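Work through the exercises below with the sequence and the 3D structure at hand. Try each task before reading its solution.

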Amino acid sequence: MSLFEYFPNYIWNLSVAIALESGGRIGEIIDMCQPIRDAAASGADAGTPQFMARWVEMADRLTGLADEDDKLGRGFSASDKLERAALYLFVAERMQGHGSPGRADTYARALATFARSTELGAINRERVEIPLATGTMPALFTRAPGDGPKPVVVYCNGLDSCKELLYWSGLPEALARRGISTLCVDQPGSGEALRLQGLPVDPHSESWASRAVDWLEARADVDAARIGMTGISLGGHFAPRAVAHEPRFASGAVWGANHNWREVQDKRIRKEGENPIPHYWSHVFWAFGASGMDDFLAKSAEMGLDGQMSRIKVPFLVTHGAKDRQISVDYAHQSYDQLVNSPRRELRIFTEREGGVEHVGADNMAFGRDYISDWFADTLGGRSE
């Protein structure tokens, strides 16, 4: 199975893959991408303003069509269009450099469109804010059906994702079918926490993950003894680090291992492997609150899991794509091998037989989503049929 490669560079193709896997329509995506195909030939960074202009234009069209549905009292149809409009706005914003013209406005529109879609579509996701030592952690809570307290999974971002993309990965819906709720978080360094509050990455993820557990424990619809955690991409550092240091987590998993992300930066300096976004160094400096390369490398020095995985004493799953072009599959083996004190450890490498071989299943997220959902059903007492 392969990534859909419409453009001549990986980063632009990754954005298209994210949109497709998150509910975008191929015809709309082709309409957006055809006029800017040549712009991608100049490199990942050069044509990003044109990328945003075309994707925002499609979002405008869909919003107008949704308005027509709404006036006729057709809220579900309006919501379906607004979902895609919000998706295209989030993807367009993600492609821009920090501080680039129109980026902040596009993000604000994306949030507002997503919220309106939630309301009109009566979608099972509630925006909440979890208090942190400084500021708050915005999140989306998806409830499992039925009465009484349910198990729940805390689901965190990677470097460049947001809680809305976490929701669109389909994992919250898959977990809900299995009787498990989900809390998708914009932790410091991502989503709203970074863009609207200026909260930088905290490598010690237990500091914010523990606050999520505090918040969940106070809810009558949560079984506090059955709280799990997972993360996507750079969440492959955050989730295991949090599970290693927060004993209230009962199970964990990663959607893409990220055992030594500080080492990955040395490789990227040497131009080894693919970057996830345009304007990469500008983004990581912003996300880490760093003044430049030396400061960033110092701040990211603790982004490694040697000595951390052995602290995990609950069931833990490591997944990875066999042909991940961003993060080597070797890191998945390192994380798994160091789970020496987990009572139940598992390593799942997705191959061409099923798909999901690219970074966090950008070519096909279905198999990772199913496998991780079934893992939590098994280890948190959900259901799988």
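The exercises that follow concern a predicted model.

**Exercise 1. The sheet**

Task: In what order do the eight strands lie in the open sheet, and which strands stand at the edges?

Solution: Step 1. Going across the open sheet, the order is E1-E2-E4-E3-E5-E6-E7-E8, with mixed pairing. Step 2. Strand E1 (126-131) and strand E8 (345-350) each have a single partner strand, so one side of each has no neighbour in the sheet and these two stand at the edges. Step 3. On average, neighbouring strands of this sheet are turned by 20° against each other, direction ignored.

**Exercise 2. One strand pair and the helices on the sheet**

Task: Describe how strand E6 is joined to strand E7, then find which strands helix H14 touches and which strands helix H15 lies across.

Solution: Step 1. E6 (residues 249-255) and E7 (residues 316-321) run parallel and are joined by four bridges. Step 2. Trp 255 has Thr 319 in E7 as its bridge partner. Step 3. Helix H14 (residues 330-337) packs on the sheet and touches E7 and E8, its direction making about 170° with that of E8. Step 4. Helix H15 (residues 366-380) lies across strand E3 (150-156), strand E5 (222-232), E6, E7 and E8, and runs at about 170° to E6.

**Exercise 3. Two residues in loops**

Task: Locate Gly 198 and Lys 313; is Gly 198 buried or exposed, and is Lys 313 buried or exposed?

Solution: Step 1. Gly 198 is in the loop between helix H8 (191-195) and helix H9 (206-217). Step 2. The cut-off for exposed is over 50% relative accessible area. Gly 198 has 51% relative accessibility, so Gly 198 counts as exposed. Step 3. Lys 313 sits in the loop between helix H13 (293-299) and E7. Its relative accessible area is 64%, so Lys 313 is exposed. Step 4. Apart from neighbours within four places in sequence, Lys 313 contacts Asn 341, Ser 342 and Pro 343.

**Exercise 4. A helix pair**

Task: Describe how helix H1 and helix H3 cross, and list the residues that make the contact.

Solution: Step 1. The axes of H1 (residues 10-21) and H3 (residues 48-71) come within 12 Å and cross at roughly 20°. Step 2. An angle under 35 degrees counts as roughly parallel, and therefore H1 is roughly parallel to H3. Step 3. The crossing of H1 and H3 is right-handed. Step 4. H1 contributes Trp 12, Ser 15, Val 16 and Ala 19, while H3 contributes Thr 48, Phe 51 and Trp 55. Step 5. Sorted by type, the residues of this contact are five nonpolar, two polar and no charged.

How values were computed
Residues numbered from 1 in each chain as written. Predicted model: local features only at pLDDT ≥ 70, side-chain atom pairs only at ≥ 80, totals over all residues. Heavy atoms only, no water. Pairing = 2+ DSSP bridges. Axes fitted to C-alpha atoms, helices over the stretch in contact; angles between N-to-C directions. Contact = heavy atoms within 4.5 Å. Buried < 20%, exposed > 50% of the residue type's maximum accessible area, 1.4 Å probe, protein only. Parallel < 35°, antiparallel > 145°, perpendicular 65-115°, else oblique. Left-handed = near helix turned anticlockwise from the far one by under 90°. Nonpolar A, V, L, I, M, F, W, Y, C, P; charged D, E, K, R; others polar.
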